[in-house]
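Subject: Structure handover

Hi,

As promised, here is the structure for you to open in your viewer. My notes on what turned up in it follow below.

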Amino acid sequence: MSIPMPTSETEGIRLHVTPFRPDAVIGALGLPTLLQLVPSPKTQENQQALKHASGTLRRHAEVRGLVQRMLRSTSKGRNVASYAGYMAAGVKGDLGAAWSTPPVTLWLGSQLASIGEELVAGTGMRTVSIAPGSPVVAIDGETQVAAWHELYDSPERYGLTIDELNRVRVPFELFWGLDVKEARQIFYDRNVEGITVAKNLAMSMDQRDFGTRLAHLVIDAVRVERDGESVPFGKFVETRGRQLKASAPEVVTLSALRVLVVCTLFGRAGLTRSGSTLRDEELPEGVTAEQATRRLVPLLSTVISTLREHFLARSAVSAPAVLAGIGIAAHQATGWATTGGTLTEDELLHLLSTVRWEREARYWHGVAASANAKGTLNFAGGAKDAGGRVADAIVHPESQYGRRIRGR
């Protein structure tokens, strides 16, 4: 006589999800569940460790290798630690509400173990389960997954506890039933089809970047006269793009004004610093964020106010290379310049007042721009190429370039 077996019940990891197409859902899951579903990419690339790993982990590594790129010895891999630091700061509350990670895109090569009934009529919300040991791969957001593993493996290194991490929930997408070619195509589409944000534009949106914050403070401190009315200078600053449109009211970009700020902070060294994120603790030696703000906001707002008519006329003053040169010259009036001598604010303003800012080849060709056969100027060389020449021309009126930009 045989004993009856228990009623079968689907085993596996259960997720509450909402479908957005027949073979894909979205949801949020606890961090421990995510790390259970998706093993550490770093571990999967460690061939020595894989020799002694379980068959499940080895099979998962094989599937991952079909649709993902390598972490080891790549910029993607080098970004894991900094990404982990960013997420740790967010979890601890150091960043307030101003932090975010994108949803992780997961691929289950096989079918779901079960799909439950609709939980709330008309919403599509259901419970699905993934069979134990099923290979789930992050085809987008893998660096984030690796960073979460980094945090969970060594929470104390980042000032966290396991209890804090266990409370984290991670948004996700889950695709299932796709073959390898289809999963690869999603990987390609997510990583290539989207247009990458230009680095300078991205930094101009980063409110933790000291240069960006200071540029906003300078902009907010300036008002200009337009059609008999005093208006904020911010109305004429392009904050969303790197280029000015011919028909737009904006006369200068935020990214160009950030170059002005960074070069004023560092002098010539700002030419190389202008393309990277600037944190509060990375200011010139002996200069605090408070000191820099207290000195630069009034100094640069005075410079912009003095040159406001040239800005509104879209003269050469709005070109990044020219603003870099003005910043290098203004650095000598900050009080912390260690090279190039010093200037008083009045001396700086006098030097700027003698410059011909019109966009004409006779003033700016070979200094901050190049002219074609018709005399049309092109300022595309950029701050790093021409900022130093512009600064020398501003500070040394009797030099070759100094006489040129003064029309002599």
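Let me begin with Asp179, which caps the N-terminal end of helix α8, with a side-chain oxygen 3.1 Å from the backbone nitrogen of Lys181. Please keep in mind throughout that this is a predicted model.

Helix α8 itself is worth a look. Its 14 residues should span 20 Å at 1.5 Å a residue, and the end C-alpha atoms are 19 Å apart, which agrees. Which residues of α8 are buried? They are Ala183, Ile186 and Phe187. Viewed down the axis of α8, these buried residues fall within an arc of 100°, so they line one face of the helix. The spacing fits a general rule: an α-helix has 3.6 residues a turn, so residues three or four places apart point the same way. On the other side of α8, Lys181 and Glu193 are exposed. As for what the buried residues of α8 pack against, you will find α4, β3, β6 and β7 there.

That brings us to the sheet. It is open and has seven strands in the order β4-β5-β1-β2-β7-β3-β6, with mixed pairing. The edges belong to β4 (114-115) and β6 (136-140); each has a single partner strand, so one side of each is left without a neighbour in the sheet. Strand β1 (residues 13-21) pairs with strand β2 (residues 24-30) in the antiparallel sense, over four bridges. If you want a pair to click on there, Pro19 stands opposite Val25 in β2. Two helices that pack on the sheet are α4 and α8. Helix α4 (residues 55-67) touches β3 (104-108) and β6, and its direction makes about 20° with that of β6. Helix α8 (residues 180-193) touches β3, β6 and β7 (169-176), and its direction makes about 35° with that of β6.

Strand β3 deserves a moment of its own. How many of its residues are buried? Five of the five are, so β3 is largely enclosed by the rest of the structure. In a regular strand the side chains alternate between the two faces of the sheet. In β3 both faces are covered: Val104, Leu106 and Leu108 are buried on one side, and Thr105 and Trp107 are buried on the other. β3 runs parallel to β7, and five bridges join them; Leu106 stands opposite Leu174 in β7. With β6, β3 pairs in the antiparallel sense over four bridges. In that pairing, Leu108 has Val136 as its bridge partner, and Thr105 stands opposite Asp140. Although β6 is at an edge of the sheet, four of its five residues are buried.

Further along the chain there is helix α18 (residues 383-395), with 13 residues. From its first C-alpha to its last it reaches 17 Å, close to the 18 Å expected at 1.5 Å a residue. Its buried residues are Ala383, Ala386, Gly387, Gly388, Val390, Ala391, Ala393, Ile394 and Val395. What covers them includes α11 (254-266), α12 (270-273), α15 (320-331), α16 (345-353), α17 (361-364) and α19 (400-404).

A few single residues also caught my eye:

- Ser255 lies in helix α11. Its relative accessibility is 13%, so Ser255 counts as buried. The side chains of Ser255 and Thr253 are joined by a polar contact of 3.3 Å.
- Glu238 sits in strand β10 (residues 237-238). Glu238 counts as buried because its relative accessibility of 13% is under the 20% cut-off. Leaving aside residues up to four places away in sequence, Glu238 touches Gln243, Leu244, Glu250, Val252, Thr253 and Leu254.
- Ala313 is in the loop between α14 (308-312) and α15. Is Ala313 buried or exposed? With a relative accessible area of 57%, Ala313 is exposed. Its C-alpha atom is separated by 29 Å from that of Gln207, 106 residues apart along the chain.

Happy to talk any of this through once you have had a look.

Best wishes

Key. Residues numbered from 1 in each chain as written. Predicted model: local features only at pLDDT ≥ 70, side-chain atom pairs only at ≥ 80, totals over all residues. Heavy atoms only, no water. Pairing = 2+ DSSP bridges. Contact = heavy atoms within 4.5 Å. Axes fitted to C-alpha atoms, helices over the stretch in contact; angles between N-to-C directions. Expected span 1.5 Å × (residues − 1). Buried < 20%, exposed > 50% of the residue type's maximum accessible area, 1.4 Å probe, protein only. Arc of directions from axis to C-beta. Polar contact = N/O pair within 3.5 Å; in protein donor to acceptor, adjacent residues only side chain to side chain.
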